[in-house]
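I opened this model to look up its strands and its aromatic rings. My entries follow in the order in which I made them.

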Amino acid sequence: MGGIEDSATLKRIVFVTVGKTCFDALVKAVDTLEVKQGLFRRGYTHVVLQMGQGTYVPTKSLKKGEDGSLAIDYFTFSSSIADHLRSASLVISHADKLI
């Protein structure tokens, strides 16, 4: 009521993006139990992975569990990731090179 969301329904999304590249190491790292539990402890509820040309397939779970698990979803390509960026509470990405 009054525009304040109930904490039980609040979505805190982590968006992981690797662009068009293959960066399986980043996707695998985020898909580990240790990282997922750490994100959950910090209040995140969902992880969305944009995998690019990678071959690693992360664990998919569309329902946030009560056992401390996150809802996990992934995709390889989207013509626009703008909506994912706007809805994210945290964005994890990488840089190809330092300038």
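Entry 1, the sheet. I looked up the strand order in this predicted model and found an open sheet of 4 strands, arranged β3-β2-β1-β4 with parallel pairing. I noted that β3 (71-75) and β4 (88-92) each have a single partner strand, so they stand at the edges and one side of each is left without a neighbour in the sheet. For the twist, I recorded an average of 20° from one strand to the next.

Entry 2, one strand pair. I then turned to β2 (residues 46-50) and β3, which run parallel and are joined by 5 bridges. Which residue of β3 stands opposite V47? I found I72 in that place.

Entry 3, aromatic rings. My search for aromatic pairs returned a count of 1. The pair consists of F15 and F75, with ring centres 6.4 Å apart and planes at 15°. I entered the pair as stacked because planes under 30 degrees apart count as such. F15 belongs to strand β1 (residues 13-17) and F75 to strand β3, so the pair ties together parts that are 60 residues apart in sequence.

Entry 4, burial of the two rings. Are F15 and F75 buried or exposed? I read a relative accessibility of 1% for F15, which counts as buried. For F75 I read a relative accessible area of 17%. F75 is also buried, because the cut-off for that class is under 20%.

Entry 5, a charge over a ring. Lastly, I checked R12 and found its charged end over the ring of Y44, 4.2 Å from the ring centre.

Key. Residues are numbered from 1 along each chain as its sequence is written. This is a predicted model: local features need pLDDT of at least 70, side-chain atom pairs count only at pLDDT 80 or more; totals for chains, interfaces and linings use all residues. Side-chain values use heavy atoms; hydrogens and water are left out. Two strands pair if DSSP finds at least two bridges between them. Axes are lines fitted to C-alpha atoms, for helices over the stretch in contact, and angles run from 0 to 180 degrees between N-to-C directions. Rings of Phe, Tyr and Trp (its six-membered ring) pair if their centres lie within 6.5 Å; planes under 30 degrees apart count as stacked, over 60 as edge-to-face and the rest as tilted. Buried means under 20% relative accessible area, exposed over 50%, partly exposed in between (1.4 Å probe, protein chains only). A charge sits over a ring if NZ of Lys or CZ of Arg is within 6 Å of the ring centre and within 35 degrees of the ring normal.
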